[in-house]
Amino acid sequence: MIRAASLARWPSVFTFLAFFVIAGCSSMGTADAESRVVLVAGATGGTGRALVNNLTADGYTVRALVRDEKKARAVLGDSISYAVGDVRNVDTLVSAMQGATYVISAIGSTRADPSNNPEAVDYAGVRNMATAAERTGIRQFVLVSSSGVTQKDHFLNKAFDNVLIWKLKGEDALRDSGVPYTIVRPGGLVNTPGGEQALVFAQGDTSTGRISREYVSLICIAALNQPGAINRTF
Ligand SMILES: NC(=O)c1ccc[n+]([C@@H]2O[C@H](COP(=O)([O-])OP(=O)(O)OC[C@H]3O[C@@H](n4cnc5c(N)ncnc54)[C@H](OP(=O)(O)O)[C@@H]3O)[C@@H](O)[C@H]2O)c1
């Protein structure tokens, strides 16, 4: 459960958590969730680093899925554990998820590396993680996706190898896997602090707004172990 200190700092996240409860939660998460192991995929990225910091602050045990452990340690330090893997290789993911309770993924494809393209990472990589999560009995898989994934004509599809179309296929693979999931679809990500902002609840994939990576990380963490957030796309 997200800590009271975090709620005081982040009123919007508190509202989001309240939404999970209203949305169908029969009981709140229990305190022992804080001692459970969270595998963070994409831990070296912008959102991933915020996830590692905020999960650690909330008392979770963090295991970072990284491609290059030396590079990752230089960024994330020695207070967490590491599993070396690549989302394009399902065997590495099964090893990385052994003994983990939750998976939060903030992976994303790389423009500079054609072999690490949206089809291979945002679709097949997510599908591989869902397969590994199913095999290892992961209790909940939280996926950072994107707003706009249902809009085939979105400019990002033209700009970057149909990235949003592949992201939707990745979402679908997770939904079809049978693993309990929560999918979060943020708008444009920024590194500036979120500050206190109004939350807008609306239906449909129409958001054009921006959100801080910090807030996205807190929303993902707030969803852990919340029955109202299971098998939902926000
Ligand atoms: N940028 C935006 O405005 C925006 C808007 C909406 C949604 N999103 C989505 O939000 C998520 C997080 O975005 P971000 O900008 O915070 O991420 P980011 O900084 O681009 O980080 C991406 C992460 O994915 C990892 N990764 C890439 N390929 C991998 C592979 N084959 N196997 C394992 N790990 C791999 C990278 O690890 P390495 O260090 O090894 O490269 C890195 O840790 C992404 O899914 C992104 O598409 C972004």
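The following legends describe close-up views of the ligand, its pocket and an enclosed cavity in a predicted model.

**View 1. The shell of residues around the ligand**. In this predicted model, the ligand is surrounded by 24 residues, and the closest of these are Thr 44, Thr 47, Ile 107, Asn 116 and Arg 213. By class, the shell around the ligand consists of seven nonpolar, 11 polar and six charged residues. Among the secondary-structure elements, helix 3 (46-57) and strand 7 (188-190) each contribute at least two residues to this shell.

**View 2. Polar atoms of Gly 42, Thr 47 and Arg 67 beside oxygen atoms of the ligand**. A polar side-chain atom of Thr 47, which is also listed among the closest residues, lies 2.7 Å from an oxygen atom of the ligand. For Arg 67, the corresponding distance from a polar side-chain atom to an oxygen atom of the ligand is 2.8 Å. Gly 42 is placed with a polar backbone atom 3.2 Å from an oxygen atom of the ligand. The ligand taken alone exposes 920 Å², and the protein buries 79% of that area.

**View 3. The largest pocket, in which the ligand sits**. The space within the largest pocket amounts to about 1,200 Å³, and its lining is made up of 47 residues, with Ala 106, Ile 107, Gly 108, Ser 109 and Lys 167 lying nearest the centre of the pocket. Helix 3, strand 2 (61-66), helix 6, helix 7 (155-159), helix 8 (163-176) and strand 7 each supply at least two residues of this lining, and two of these elements, helix 3 and strand 7, likewise each provide at least two residues of the shell around the ligand. The lining of the largest pocket divides by class into 15 nonpolar, 22 polar and 10 charged residues.

**View 4. The one cavity of 30 Å³ or more in the structure**. This largest cavity holds about 40 Å³ of space and is lined by Ile 107, Asp 122, Val 126, Leu 143, Val 144, Ser 145 and Lys 167. Helix 6 (118-136) and strand 5 (140-144) each supply at least two residues of the cavity lining, which comprises four nonpolar residues, one polar residue and two charged residues. Ile 107 and Lys 167 belong to the lining of the largest cavity and are also among the residues nearest the centre of the largest pocket, while Ile 107 is in addition one of the residues closest to the ligand.

Key. Residues are numbered from 1 along each chain as its sequence is written. This is a predicted model: local features need pLDDT of at least 70, side-chain atom pairs count only at pLDDT 80 or more; totals for chains, interfaces and linings use all residues. Side-chain values use heavy atoms; hydrogens and water are left out. A residue is near a molecule or strand if one of its heavy atoms lies within 4 Å of it. A polar contact is a pair of N or O atoms within 3.5 Å; within protein, one must be able to donate a hydrogen and the other to accept it, and residues adjacent in sequence count only if both atoms are side-chain atoms. Accessible areas come from the Shrake-Rupley method with a 1.4 Å probe; for residues, only the protein chains shown count as cover. On a 1 Å grid over the protein atoms alone, a cavity is a set of points where a 1.4 Å probe fits but cannot get out, and a pocket is an open set with protein on both sides within 12 Å along at least five of seven lines; lining residues have an atom within 4 Å of a point. A molecule sits in a cavity or pocket if more than half of its atoms lie within 2 Å of its grid points. Helices (H or I, at least four residues) and strands (E, at least two) are DSSP runs, numbered from the N terminus. Ala, Val, Leu, Ile, Met, Phe, Trp, Tyr, Cys and Pro count as nonpolar, Asp, Glu, Lys and Arg as charged, and the others, Gly among them, as polar. Grid points are joined across faces, edges and corners, and a volume is the space filled by probe spheres set on the points.
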